[in-house]
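Subject: Structure handover

Hello,

Here is the structure we discussed, for your files. My notes on what was found in it follow below.

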Amino acid sequence: MAKRTIAGSRVLVTGASSGIGREIALELGRHGADVVAVARTADKLAKLADDFQSLPGRCEVVAGDVTDDALRHEAVRRATEAFGGLDVLINNAGIGALGPFETATAERLRKIMDVNFFAAAEMIRVALPTLKHGRRPAIVNVTSILGSVGIPQSSEYCASKFALEALSQSLRAELFRHGVDVLVVAPGSTETEFFDHALEMTAHPPWLDSKRTSAADVARAAVNAIARGKRSIVPNFRGRLMCWAQRICPGLVDLALRRYG
Ligand SMILES: NC(=O)c1ccc[n+]([C@@H]2O[C@H](COP(=O)([O-])OP(=O)(O)OC[C@H]3O[C@@H](n4cnc5c(N)ncnc54)[C@H](OP(=O)(O)O)[C@@H]3O)[C@@H](O)[C@H]2O)c1
C-alpha cells in the first residue's frame with residue numbers, strides 16, 4: 001500500500017452531508033485536498049461547501065442518491081471536470097435498522113444492502129477507469145466492526161458490512177496490478193446522527209447508550225490511514241477489543257451476545 005500526500009488529492013466522498021463523511025470531507029479540506037461531496041440532502045451539502053471557504057481544499061457538491069447509477073456517473077464526471085481527475089474514492093454513505101430479523105420486511109433487508117453494499121460496489125465500478133489514471137489511487141470503504149462481528153438486532157446491517165469487507169479484500173488483490181489500493185475503515189460506535197436516520201428501530205439494545213467516539217476522531221484516523229497507505233483500521237479502542245475477541249474466542253462472543261437475541 002502506497003503512502004500518499006493528501007494536499008492536492010482529488011477525493012470523492014459519499015455520505016458527506018453528516019457524521020463521519022462530513023468530518024472526513026472537512027479533514028481532507030484542511031489538508032488541502034479537493035473534495036467531491038455526495039449525499040441526498042442538498043442544504044447540508046451547501047453548508048459543507050460554505051465551511052470549505054476557509055479551508056485550503058476545494059469542494060464540489062453533487063446531491064443525489066448513491067443507489068442511482070446516473071448520480072454515480074455524475075459524481076465521477078464532476079471530479080474530472082472540476083479537478084481534472086480522481087485519486088481517492090471514499091464509500092461512506094450508509095444506513096441501518098434495529099430489530100429482529102424474523103418480523104422485519106424483505107424491503108428493510110433490500111434497502112440496507114442497496115445503500116451499504118450494492119451502491120458502494122457499483123460506485124467502485126464507475127470510478128475505476130478514472131481512478132486508474134489517478135495519483136496513487138485508493139478506494140476507501142467505510143465498513144464497521146459489525147463487518148467482522150455479527151450481532152443480534154442488526155442482521156441486515158451486519159450482512160451488508162460483511163459483504164463490503166469481502167468485496168474490499170477481493171478487490172485489494174485484484175486491483176494491485178493496477179496500482180489501486182483498497183483501505184477498510186471499520187469504526188465502532190461513533191457519535192453521529194446514524195440512529196436518527198435508521199430505517200426502523202424496533203429494539204433498543206443496551207450498547208446504544210454506551211460511550212461513543214467522536215466523528216472527528218474517526219475522520220482524523222481515516223485520513224491519516226489514507227496518507228500512510230494502511231490496509232485496514234478500526235479507529236475505536238473498544239471496537240478493536242471486540243474484533244480481537246471475535247478472532248481469539250468466537251464461542252465466548254456468541255455466549256455474550258446470545259442474551260440480546
Ligand atoms: N455511527 C456509528 O456508530 C457507525 C459505526 C460504524 C460504521 N458506521 C458507518 O459510517 C458511515 C457513516 O455513517 P454515520 O454514522 O456518519 O451516519 P450519518 O450521520 O447518518 O451519515 C450517513 C451519511 O450517508 C448519507 N446517505 C445515506 N443514504 C444515502 C443514499 N441513499 N444516497 C446518498 N447518501 C446517503 C447521508 O446523507 P443524506 O441523508 O443527506 O443522503 C449521510 O451523509 C456509514 O457507512 C455507517 O454504516 C457508523
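I begin with a salt bridge between K47 and D51, whose closest N and O atoms are 3.0 Å apart. Please keep in mind throughout that this is a predicted model. Both residues of this pair sit in helix α2 (residues 42–51), four residues apart, or about one turn of the helix. K47 has a relative accessibility of 45% and so counts as partly exposed. D51 is also partly exposed, because its relative accessible area is 22% and the buried class is under 20%.

Other salt bridges

In total, 16 salt bridges were counted. As background, side chains of opposite charge can pair when their charged atoms come close.

E60 and R78 meet through their side chains in a salt bridge of 3.1 Å, N to O. That pair links distant parts of the chain, with E60 in strand β3 (residues 59–63) and R78 in helix α3 (residues 69–83), 18 residues apart. E60 counts as partly exposed at 26% relative accessibility, and R78 counts as partly exposed at 21%. Both residues also belong to a network of salt bridges that links E60, E74, R77 and R78.

A further salt bridge joins E200 to R108, where the closest N and O atoms are 2.7 Å apart. E200 lies in the loop between β7 (190–191) and β8 (213–214), while R108 lies in helix α4 (residues 106–131), so the pair ties together parts that are 92 residues apart in sequence. The two ends differ in burial class: E200 is partly exposed, with a relative accessible area of 31%, whereas R108 is buried, with 4%.

Aromatic pairs

The count of aromatic pairs comes to four. One of them is formed by F194 and F195, which are edge-to-face, with 5.2 Å centre to centre and 85° between the planes. The angle is over 60 degrees, which is why the pair falls in the edge-to-face class. F194 counts as partly exposed at 24% relative accessibility, and F195 counts as partly exposed at 27%. Ring pairs also bring in Y157, so that Y157, F194 and F195 are linked into a cluster.

Surface

A nonpolar surface patch of about 460 Å² is made by F237, L241, W244 and I248. F237 lies in helix α7, which covers residues 237–248. With a relative accessibility of 57%, F237 counts as exposed, because that class begins over 50%. For the whole protein, the exposed area is about 12300 Å², and carbon and sulfur atoms supply 53% of it.

Overall fold

The protein has eight helices and nine strands. Its radius of gyration is 18 Å, close to the 18 Å that the globule rule gives for 261 residues, so the protein is as compact as a globular protein of that length. The C-alpha trace spans about 55 × 35 × 30 Å along its principal axes. Of the 261 residues, 52% count as buried. Among contacts with a separation of 6 or more, 72% are between residues 24 or more positions apart.

Regards

Definitions and conventions. Residues are numbered from 1 along each chain as its sequence is written. This is a predicted model: local features need pLDDT of at least 70, side-chain atom pairs count only at pLDDT 80 or more; totals for chains, interfaces and linings use all residues. Side-chain values use heavy atoms; hydrogens and water are left out. Patches are made of residues with over 30% relative accessible area and no salt bridge: like charges are joined within 9 Å, nonpolar side chains (Val, Leu, Ile, Met, Phe, Trp, Tyr) within 5 Å. Accessible areas come from the Shrake-Rupley method with a 1.4 Å probe; for residues, only the protein chains shown count as cover. A salt bridge is a side-chain nitrogen of Lys or Arg within 4 Å of a carboxyl oxygen of Asp or Glu. Helices (H or I, at least four residues) and strands (E, at least two) are DSSP runs, numbered from the N terminus. Buried means under 20% relative accessible area, exposed over 50%, partly exposed in between (1.4 Å probe, protein chains only). The radius of gyration is taken over C-alpha atoms; the globule rule is 2.2 Å times the number of residues to the power 0.38. Contact means heavy atoms within 4.5 Å. Rings of Phe, Tyr and Trp (its six-membered ring) pair if their centres lie within 6.5 Å; planes under 30 degrees apart count as stacked, over 60 as edge-to-face and the rest as tilted.
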